[in-house]
Amino acid sequence: FAPVFNGLLYFTVNDLQFYPLWQTDGTTAGTKLAAFQNTTAPAQSQSSDFKFAVFNSELYFSGECGSISLSFQPCKLTSGPLPLTWLGVHAQWINESEVKVSWRVADQKNVKDYTVEFSNDGSHFKNVCSVIASPATSYNCTVPANSNDKNYYRVMQRDIDNKVSYSDVISLNASAATLISVYPNPAQNKLYIQGINNFSQATISDVSGKVLTHAVVNSPTRFIDISVLSKGIYFIKFTSAGYIKTIKFIKE
């Protein structure tokens, strides 16, 4: 069978002389002859009957380890555990169409880059953001999201040898932020809030971004006193665990 290991598919090809072993990540550039650990010798055999096994996070197969032999030998293809430790992944709504995906890692060694992948079913993922690796231990990406559906995310790490590993898959529920609104707008003395159940705090800022007031919002009140504000355009930002919602309003 053709095994998949660390994001690479391994397969054999009959070149009319031997059966060389190839590996691919699904791209033309990432399709090449598989080599052994710490050597450029290609993996091959005089038979197509390859056997594979995973031991201590490394991939082995029975074939010829860089020398001509009529017998099968246990040959190591990979170079051991991938060069980092995943510490966690988190996703948070920014607005109705964007999510901030953050992740933390440790013990980075030869990491090339990270790719955030998105899925709407938890099984089929596509790339939505890439970040070049650095000495940092915390990373983030702002990515598109569907506020009406459940969204799934994971992060792929790729090292300088094009080996990959994946974080855990995390899910983010449909955004309750789409349900919140304010009225009347324009308003004079009181700004009423609808759909406030999921939000506990609010700040009002002017058009320059300066925060003018903080307010604790709760279901029984459902309004904020804006009588002290001068006439003009303002922004009210609601926050709660996992959600941020900003709405523009006019004070008359």
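**Stop 1: two cysteines**

Start by selecting Cys129 and Cys141 in this predicted model: both residues are buried. Show their side chains as sticks and you will find a disulfide between Cys129 and Cys141, with the sulfurs 1.8 Å apart. A search of the whole structure turns up 1 disulfide, so there is no second one to look for, given that the cut-off for the sulfur pair is within 2.5 Å. Chemically, a disulfide is a covalent bond between the sulfur atoms of two cysteines.

Now turn the view to look along the S-S bond. The link of Cys129 and Cys141 is left-handed, with -50 degrees about that bond. What does the pair tie together? Colour residues 126-132, which form strand β11, and residues 138-144, which form strand β12. Cys129 sits in β11 and Cys141 in β12, so the disulfide connects parts that are 12 residues apart in sequence.

**Stop 2: Ile236 and its neighbours**

Next, select residues 232-240, which make up strand β21, and pick out Ile236 within that strand. Is Ile236 buried or exposed? Ile236 is buried, and its relative accessible area is 0%.

To see what surrounds Ile236, leave aside residues up to four places away in sequence and display the others that Ile236 touches. Among them are Val182, Leu191, Ala202, Thr203 and Ile204. The list also includes Ile224, Lys245, Thr246, Ile247 and Phe249. While you are here, draw a distance from the C-alpha of Ile236 to the C-alpha of His214: the value is 9.6 Å, for two residues 22 apart in sequence.

**Stop 3: a sheet of four strands**

Move on to strands β1 to β4. They form an open sheet of 4 strands in the order β1-β2-β3-β4, with antiparallel pairing. Which strands are at the edges? Select 4-5 for β1 and 32-33 for β4: each of these edge strands pairs on one side only.

Strands of a sheet pair through backbone hydrogen bonds, either parallel or antiparallel. For an example, select residues 21-24, strand β3, which pairs with β4 in the antiparallel sense over 2 bridges. Zoom in on Gln23, and you will find its bridge partner in β4, Lys32.

**Last stop: the whole chain**

Zoom out and switch to a cartoon view. The protein chain has 22 strands and 0 helices. Of its 252 residues, 37% count as buried. Among contacts with a separation of 6 or more, 49% are between residues 24 or more positions apart. Finally, turn on the surface: the accessible area of the protein chain is about 13900 Å², and carbon and sulfur atoms account for 51% of that area.

Key:
Residues are numbered from 1 along each chain as its sequence is written. This is a predicted model: local features need pLDDT of at least 70, side-chain atom pairs count only at pLDDT 80 or more; totals for chains, interfaces and linings use all residues. Side-chain values use heavy atoms; hydrogens and water are left out. Buried means under 20% relative accessible area, exposed over 50%, partly exposed in between (1.4 Å probe, protein chains only). Contact means heavy atoms within 4.5 Å. Two strands pair if DSSP finds at least two bridges between them. Accessible areas come from the Shrake-Rupley method with a 1.4 Å probe; for residues, only the protein chains shown count as cover.
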